Amino acid sequence: MPDLLHTLKTTFGYNSFRPLQREIIETSLAGRDVFALLPTGGGKSLCFQIPALHRTGLTIVVSPLIALMKDQVDQMQAAGVSATFLNSTLGAAEARSRLAGLHRGEWRLLYVAPERLMLDNWQENLKAWNVTAIAIDEAHCVSEWGHDFRPEYRQLAKLRELLPDVPVMALTATATERVRTDIIKHLKLREPTIFVASFNRPNLTYKVTPKDEPTKQIIAWVKKREDESGIVYCASRAATERVAEALAGRGYSARPYHAGLDADERSRNQELFLRDEVRIICATIAFGMGINKPNVRWVVHYDLPKNIEGYYQETGRAGRDGLPSDCLLLFSSGDAAKQTHFIDEITNAQEQQIARGQLRQIMHYAESAVCRRSELLDYFGEQFPLDNCGACDNCLEPRETYDGTIVAQKFLSCVYRINAASRFGVGVNHITEVLTGADTDKIRRWEHDKLSTYGIGKDLARPLWAGIGRELLRLGYLKQADGEFPTLELTEEGMSVLRARQPITLTKQLTTPKARKIVRREGDIECDEILFARLRELRKRLADERKVPAYVIFGDATLRQLAREYPETESALEGIFGMGEKKRAEFGQTFTTFIAEFLRSNPRQKF
């Protein structure tokens, strides 16, 4: 095998591979098909970029987002790699020039959208360009079971017939077992070697807090992070506009992003965010797939996500550079009620059932008192080996428990009495109405006001009873029917604790967390914060001159290491993370001179 580590160090400035990268690269270079599942920020791009540098011929990279292609190609070219893209943003003359370059064999990497690649007149091009590898990024788009199905991805299977001897690599950051099988089948991968990395993102901290005046909550959150980039995900276009306006009104640079904006404004807002002109994007889930901005320091979910997979993908936008980053979910059971209303309007019975199951899973995650990281990994079939991850609200501040025997007995007894009297089941909401003595049409019609459990829970509010019901479901004392009417019934275990009046311990429901002391976090690089801020300003000037995002020059991890090591000569840059040969030649003297000048009037700090 070629010296892959040498290429990694000299071209990209990294001293070691991330988990599975080397194995994926070696398998690809051996001519085998590859399926690679690496978490967001796990370094998928290097898995096809490094093989492209060790092959003669062209590597085609299929990418679904036109907006990202220029960004990725800028990063490649900054590292000294001959890469280009073809998409609808190019003028006719520039497109012709790049096509001519492809015919002359000038490029190692070509980024292209699936619909353009499958145009009829491209078949001859593909045969003429000496294509030696195909990489299909965001491969979950091929599956109807994935969270971002794109029909044009199904056409990519034709590449197998057109270029039968060319190895194919399919890459994704999120895929359940079912989606993985779908990807391999629909892309016609031939006995692929399958690589599945850990889904754990150790530098991310996960928090869930009750939603209470959410705009104020977000303003308070941003106030503590004024210099950091972040994303607020909202369920509706109206909410993205409202939150962006509220933040902008307080002097924060925030813009909305949703499918209702015209393409130019959407593209401009994304570009401003990528270039650090705008710190905050308030977006629907239309934003962000594959966003290559490594210094997103936080992600807030203003509304409850539709499913765990989407939530994992969206939180994965934070901390792609490995530095500590925060993920906050504002939770309200009212959001779940809204989603249930939308699910009721789905006409396809199977889709409706899937949506209900997904909503239950994300509700379970939001209300659970166990380790958030453990819950997320469990969804993807991975076991977290520790009892305490030290980086989620439930591990940092475990919720209090209490003797819930009496309230559990009341709830279980109410379910039992209703089922026995009516010969049919009801949902959580109806149980809470009976317990609190509500006067509703259904209660009167079904004579549930005659039951011994009617009104025995007036001392607690309905949302608290609903939370108790959901916890009893999680504990296995109740089960919920699938289908249109998620009715409740007792399990054998629930019947047994009801009869024996066994003690039951319940967890106090979510409360707003107290302020905590800051602790050292995974991925943290202690450094001279004043110098770091000045280096960011220098990086921004250099990026603006070149009309590229700041991270194309250097990522935050590189700047933090520079602000820790204080290199004053180019030779002292050896071993700095992200400092490849071309970047050192181009920017080394500028940064070392700047650091030397800084030290004339500022003392070195010790770390």
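## The open sheet

In this predicted model, six strands form an open sheet with parallel pairing, and their order across the sheet is β8-β13-β12-β9-β11-β10. The edges are held by β8 (204-210) and β10 (254-257), each of which pairs on one side only. From one strand to the next, the twist averages 15 degrees.

At the β10 edge, the partner strand is β11 (residues 280-283), which runs parallel to β10 and is joined to it by 4 bridges. Within this pairing, Y257 has A283 of β11 as its bridge partner.

## Helix α2 and its surroundings

Helix α2 spans residues 21-29, and its buried residues are Q21, I24, I25, T27 and S28. Viewed down the axis of α2, these buried residues fall within an arc of 165 degrees, and therefore they line one face of the helix.

The elements that cover the buried residues of α2 include both helices and strands: among them are α1 (4-12) and α3 (44-53), together with β1 (34-37), β6 (168-172) and β7 (193-196). Just after α2, the chain reaches G31, which takes a positive phi of about 90 degrees.

## The largest nonpolar core

The largest nonpolar core comprises 103 residues, and within it L117 and L126 touch the most other members. Helix α15 (residues 349-367) supplies the largest share of this core, with 6 residues. As a general background, nonpolar side chains in soluble globular proteins tend to be buried together.

The surroundings of L117 can be described in more detail. When its neighbours within four places in sequence are left aside, L117 is in contact with I60 and V62, with V112, W122 and L126, and with L156 and L159. L126 thus appears twice in this description, once as a contact of L117 and once beside L117 as a residue that touches the most other core members.

## A buried alanine in helix α11

A239 belongs to helix α11, which covers residues 237-249. Its relative accessibility is 1%, and because buried means under 20%, A239 counts as buried.

Apart from neighbours within four places in sequence, the contacts of A239 are C234, Y302 and D303. A239 and D303 are 64 residues apart in sequence, whereas their C-alpha atoms lie 9.2 Å apart in space.

Note on methods
Residues are numbered from 1 along each chain as its sequence is written. This is a predicted model: local features need pLDDT of at least 70, side-chain atom pairs count only at pLDDT 80 or more; totals for chains, interfaces and linings use all residues. Side-chain values use heavy atoms; hydrogens and water are left out. A nonpolar core is a set of buried Ala, Val, Leu, Ile, Met, Phe, Trp, Tyr and Cys residues joined through side-chain atoms within 4.5 Å. Buried means under 20% relative accessible area, exposed over 50%, partly exposed in between (1.4 Å probe, protein chains only). Helices (H or I, at least four residues) and strands (E, at least two) are DSSP runs, numbered from the N terminus. Contact means heavy atoms within 4.5 Å. The arc is that of the directions from the helix axis to the C-beta atoms. Two strands pair if DSSP finds at least two bridges between them. Axes are lines fitted to C-alpha atoms, for helices over the stretch in contact, and angles run from 0 to 180 degrees between N-to-C directions.
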